[in-house]
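Biologist: I would like to learn how to read the features of a model. Please take me through them one at a time.

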Amino acid sequence: MPPGKSGTVFAGKILDPPPSARRKIFCPGNTLIVCARLACGHVEEAWSSGRMMRNMDLLLQGELDEQSRPCFAQRANGLCNAGHKLAAVRALENLAGITPPRNACLARSLVQALRCIQEHLLHFYQFHLSNWTCLAPALRADPCKTARLAENSGRATGYFRQCQQRLQPLAQGKGINGLGLRDHEDYCGSNEFHLLVFSHSLESLQTQALLNRALGLMGYENGRCNAYHMGGLPEDLNLGGKVLQHLRDLLLQCRDFVCSVFLKDLEQVARTYGHWKDLAKGNTFLALGDFGRPRDSEGQLFPAGIICLEGVTPKIDPVQTGRIRDDKNPQWNRLDQGHYRLDFGDHGPGFHWGKGDFHWLTAPRHGSHPCEAGPLARVAGAFAHGQKAVHQAVNDSLAASGLEPEDLNSALGRLLARGIESSVLAQTTLAWLEELETSLSPGESRMGEEVRLPAAGIGIGHVEVPRGALTHTIQVEKNRIIRHDYLIPSLWNFSPRDSNQVRGPLEQALLGTPVTDPDHPLEILRIVHAFDPCNPCHVVVEDMDSGKTTVVDGE
């Protein structure tokens, strides 16, 4: 399409139907829309919008029974089901004024850690591997040279030749807009680098199977999580000696892959894409604190805090729950209003929701600050607090990646944080398991506390899910739930400008990003995926140089 002529491109292909036909994009419920305006090959401005369900009120407005227990509850299906269950349980325990026994907290931390590792592996190897690696050069790689690149991994030339053969059928399929299947100007590294990482994506599936088996031993299977039980652990959860020994064997195998392969792959990516250390910087980060023993907030593996990564030394302030506010109806100028409400005119895309029971994204803030949540927030917060295990892991990983502490605040920092967090959790789970074994021996075997909910009150539950800070608030009056809402990580990370015209975290991170091919905006997708959208996501690219608008499926 000639420069200056407007048109709409979907998945990199110009569509010929009239404007009315090409404008209709159906959004099935919760959907995020990210708009980026390019000028001179860089992101000049960005807007994050979309609609989603915001509370559980309609599902949970039920009476309590004679034992003060909820009469019914529907499970909201999503990508963080286990996290939502734990947050709701913690909110009810907060409402009842109880703290679960030590055994229950250790068991919960084990399940929570394994789920976090599992999500990080899925995020990198199965969901968004094509952000940084490409199948085309992997298939051109020399397996012998790849074995030398793998150093002391024990994987010989034959292993990588076999992996190459197993990857060949993928070249006949289609990835997201073809990304990851064909060469792109911003893919870096040798052919052997790409084969090395792709081969580990196949191997990671074995580790995820081990994680599933470990979670099954802890009562997590088929969408159910018995370790997340009001007051503690259910009586029928089997944590006998044979079960815990089997769990230990599985954890050791998972640790080996996470620390020796997963983290090393991320460090390899960081070395290969060193120029990305200056891109996608954030301002303020939020961690609610998690993975701690009961009544020991100072002992949390990832402490709470509002973290500022500007400069060499991270600064940290306490989280003040009372200062968290949600700008539900921001006042925008005319240009922003059009982008946030997806009014692109006759020649732009049109997004349509089937029902009206989904709300536009709001702008949550801590005081006046938009806050980024997620692995980087947790890792940076623990690093700033001087948490020993995290501090050492960060320093080791940065040294291996050729980065400095201030480079954590970048696209590469978000990538490395997943590996750092996974490696720390993989090692800490073994310590938690040993502590649980000791506690369950003839000493303290108490598994739960009796829960009696008051007739009225408010309970708040905080959980750090893989995507970031999650909060559930449950209000009860006259033995009935009258309010159950939640603030999820994506609302923090994908929030729009507020009434003070302060951009949300993703919007800020996108500014200045170079984009070599607007029809296939790989660089934008890298940043969007780093924020790990929990819902379907579309990316709208407005190229001011060509006058062309591209819509890309960003899932």
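Modeller: Start with a backbone case: leucine 342 sits in the loop between helix H10 (334–340) and strand S12 (350–353). Helices (H or I, at least four residues) and strands (E, at least two) are DSSP runs, numbered from the N terminus. Leucine 342 has a positive phi of about 60°, although it is not a glycine.

Biologist: Is leucine 342 buried or exposed?

Modeller: Buried means under 20% relative accessible area, exposed over 50%, and partly exposed in between (1.4 Å probe, protein chains only). Leucine 342 has 8% relative accessibility, so it counts as buried. Cysteine 40, also not a glycine, has a positive phi of about 55°. Its place is the loop between strand S4 (31–39) and strand S5 (42–52), and at 66% relative accessibility cysteine 40 counts as exposed.

Biologist: What should I know about the model itself?

Modeller: The model is predicted: local features need pLDDT of at least 70, side-chain atom pairs count only at pLDDT 80 or more, and totals for chains, interfaces and linings use all residues. Residues are numbered from 1 along each chain as its sequence is written, and side-chain values use heavy atoms, with hydrogens and water left out.

Biologist: Where is confidence lowest in the protein chain, and where is it highest?

Modeller: pLDDT is the predictor's confidence in each residue, from 0 to 100. The protein chain has a mean of 87, and 86% of its residues reach 70 or more. Confidence is lowest in strand S2 (residues 13–14), at a mean of 36, and highest in H15, at 98. Over residues 1–22 pLDDT stays under 50, as is the case over residues 175–179.

Biologist: How many salt bridges does a search of the whole structure find?

Modeller: Side chains of opposite charge can pair when their charged atoms come close. A salt bridge here is a side-chain nitrogen of Lys or Arg within 4 Å of a carboxyl oxygen of Asp or Glu. The search finds 24. One network of salt bridges links Glu45, Asp336, Arg497, Arg503 and Glu507.

Biologist: Which residue forms a salt bridge with lysine 264?

Modeller: Glutamate 267, with the closest N and O atoms 3.8 Å apart. The two are 3 residues apart in helix H9 (residues 241–272), so about one helical turn separates them. Lysine 264 is partly exposed at 44% relative accessible area, whereas glutamate 267 is buried at 3%.

Biologist: And what does a pair look like when it links distant parts of the chain?

Modeller: Take arginine 378 and glutamate 421, whose closest N and O atoms are 2.5 Å apart. Arginine 378 lies in helix H11 (residues 375–385) and glutamate 421 in helix H13 (residues 411–440), 43 residues apart. Arginine 378 is buried, with a relative accessible area of 0%, and glutamate 421 is buried at 0% too.

Biologist: At roughly what angle do the axes of H11 and H13 cross?

Modeller: Axes are lines fitted to C-alpha atoms, for helices over the stretch in contact, and angles run from 0 to 180 degrees between N-to-C directions. These two axes come within 8 Å and cross at roughly 70°. That makes H11 roughly perpendicular to H13 (under 35 degrees counts as roughly parallel, over 145 as roughly antiparallel, 65 to 115 as roughly perpendicular, the rest as oblique). Contact means heavy atoms within 4.5 Å, and the residues making it include Arg378 of H11 and Glu421 of H13.
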